[in-house]
Amino acid sequence: MIKFILNNTEVSTDQHPGTAVLDFIRYRQNLTGTKIGCREGDCGACTVLVGELTNGDIRYRSMTSCLMPLANANGKHIVTVEGINGDGLNPVQQAMYDESATQCGFCTPGFVMSMVGFSLQHEITNAPKEAVDSVDGNICRCTGYKSIQRAATRVGELVSTRKSDPVAFAIEQKFVPEYFASIPSRLKALSDNLSAVKNIEVADYRVGGGTDLYVQKHEAMSHAKLDFFFDNPAMKGIRIEGNRCILGASTTVTDLVESKEFRKLFPDFEIYYKLVSSTPIRNMATIAGNIVNASPIGDFTAFFLALNASVLLTDDKSSREIELRKFYLGYKKLDKRPEEYIKTISFEIPSKHTRFNFEKVSKRTNLDIASVNTAIRLDITEGIISNAGVSAGGIGPIPTYLFKASEYLNGKKVSLELLPELISIVQSEIAPISDARGTEEYKRLLLSQLLKAHFLVLFPELDEAKILTI
Ligand SMILES: Cc1cc2nc3c(=O)[nH]c(=O)nc-3n(C[C@H](O)[C@H](O)[C@H](O)COP(=O)(O)OP(=O)(O)OC[C@H]3O[C@@H](n4cnc5c(N)ncnc54)[C@H](O)[C@@H]3O)c2cc1C
Ligand code: FES
Ligand code: FES
């Protein structure tokens with residue numbers, strides 16, 4: 001039995017745990033304010049908030065309910081647009097109305113939920129800008145966005161006056177109704193008689209956040225045999241052990257963003273993660289899901305390949321560790337037996353001598369997969385590269401660790417002269433194909449340009465003009 005609080009009501013259901021939350025709330029609960037647009041995580045019309053207790057503290061995150069299995073709602077607070085209505089319009093709805101930010105209205109509940117989610121967000125530094133960023137997963141066909149941007153900025157200005165706890169402030173300012181104050185204690189009571197959702201012994205699919213599976217196998221998910229990893233405590237958490245950083249397989253992109261330990265290792269992480277999907281997808285997407293999906297353009301796959309990360313595989317009886325760079329055998333073919341799954345991902349902590357960079361080019365800034373991506377890690381002592389790792393995606397059938405390029409850089413003195421040879425080696429090592437994301441020539445050119453971008457970012461001491469003319 002799956003149990004959760006839906007708006008202000010506790011719900012128990014024996015519906016198939018793979019049912020999309022969107023279908024449950026619309027067709028079983030008749031809450032039709034949540035809209036169905038693309039069913040692919042792209043439009044944001046189905047956005048709901050998901051509240052979860054962590055160490056007694058409640059956190060709300062926006063998620064696309066079309067990609068979320070009911071099992072991942074177990075023990076949580078699911079909020080639809082009906083659940084935020086109190087007396088009159090709340091400050092988000094009022095700002096949308098005042099700024100004429102709604103026309104046909106189909107997208108409006110999704111935008112409103114994303115902004116209410118922002119008002120409940122814990123860490124806030126530049127609220128007006130971050131409020132606009134919070135709707136990066138919502139698409140509108142009518143307004144042209146400027147009016148929505150103005151509405152979001154107004155919401156951000158109000159949130160920037162916050163001095164108290166996020167939920168208390170959101171209640172005080174009528175972003176959410178008063179019943180939100182009772183949710184932490186109700187979730188705590190619920191957690192005491194909650195059972196983990198396991199659909200079966202031998203799964204057709206193992207589900208993390210569902211952001212790949214529900215796009216690719218939408219029809220199958222509501223009746224397949226499923227095993228759910230997203231809330232498995234053994235697969236959560238980010239920890240440092242000795243000189244390694246270890247991520248639970250179900251660590252989400254947002255978990256990385258919110259981890260002080262992880263952010264300390266990658267000071268420019270904010271630049272990288274903003275290039276990946278959108279806020280609601282980052283709230284759901286797990287790192288193991290990105291790795292096992294084996295998309296040749298997976299962003300975090302490229303990121304962890306350059307770090308020469310390893311994955312710990314287990315079948316619950318025995319375990320083995322394998323380097324990520326040896327994990328991909330061919331297009332969507334992995335060195336993994338069907339009964340094995342990833343338990344953790346680990347990598348050596350970058351030292352003070354390490355320089356790291358990630359680059360991605362896609363057609364749109366948000367909600368788009370890469371045409372080409374690449375990451376580089378260089379350990380440099382007294383101007384000499386002692387250990388290099390270079391990866392790239394979109395340039396062949398698998399996410400690629402560039403063995404020859406990495407080997408070439410080892411032992412070399414950092415200089416401008418490395419770049420032409422590096423580009424030439426990389427060009428001999430890749431095999432892009434022409435497809436919807438660009439021709440072979442374009443992708444080759446892109447990767448060469450991105451290698452120059454790595455040098456521009458990592459070596460500001462080198463002559464920028466000369467790098468650009470190589
Ligand atoms: C709108 C949208 C935008 C996106 N943008 C990007 C983007 O910019 N960059 C990018 O890289 N990706 C993007 N993605 C793809 C997706 O979000 C990522 O690949 C994500 O990391 C997948 O994780 P998940 O937990 O949601 O995977 P799921 O869908 O749950 O699973 C994906 C695969 O991994 C397997 N799996 C999951 N966990 C484990 C485990 N522990 N062990 C073994 N197998 C496991 C599943 O069985 C399945 O085969 C986007 C997706 C959407 C819908
Ligand atoms: S229906 Fe479009 S994101 Fe869910
Ligand atoms: S108002 Fe029509 S899609 Fe946004």
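The domain bounds I will use come from an automatic or database domain assignment, and with those bounds the chain is divided into domain 1 (2–84 + 178–228), domain 2 (91–172) and domain 3 (233–469). What you see above is a predicted model, in which local features need pLDDT of at least 70 and side-chain atom pairs count only at pLDDT 80 or more, while totals for chains, interfaces and linings use all residues. Residues are numbered from 1 along each chain as its sequence is written, and chains are lettered from A and ligands numbered from 1 in the order in which they are written.

Let me begin with the ligand. The shell around ligand 1 draws at least three residues from each of domain 1 and domain 3. There are 33 residues around ligand 1, of which Gly41, Gly208, Gly209, Gly289 and Asn290 come nearest; a residue counts as near a molecule if its C-beta atom, placed from the backbone, lies within 6 Å of it. Which helix gives the most to this shell? That is α14, with five residues, where helices are DSSP runs of H or I with at least four residues and strands are runs of E with at least two, numbered from the N terminus. Among the other elements that each supply at least two residues are β6 (205–207) and β14 (341–348).

Turning to the two domains themselves, the C-alpha centres of domain 1 and domain 3 lie 31 Å apart. Their contact, meaning C-beta atoms placed from the backbone and lying within 7 Å, takes 16 residues from domain 1 and 15 residues from domain 3. On the domain 1 side, strand β4 (residues 57–64) gives the most, with four residues.

Next, the interior. The largest nonpolar core has 127 residues, and Val21, Phe304 and Ile345 are among those with the most contacts inside it; such a core is a set of buried Ala, Val, Leu, Ile, Met, Phe, Trp, Tyr and Cys residues joined through C-beta atoms within 7 Å, and buried means that 20 or more other C-beta atoms, placed from the backbone, lie within 10 Å of the residue's own. Leaving aside residues up to four places away in sequence, Phe304 touches Ala309, Leu324, Ile345 and Phe347.

Val21 also belongs to helix α1 (residues 21–28), whose buried residues are Val21, Leu22, Phe24 and Ile25. These buried residues pack against β1 (2–6), β3 (47–54) and β5 (77–79), and α1 is followed by Asn30, whose phi is positive, near 55°.

Terms used
Buried ≥ 20, exposed ≤ 12 C-beta atoms within 10 Å, placed from the backbone. Contact = placed C-beta atoms within 7 Å.
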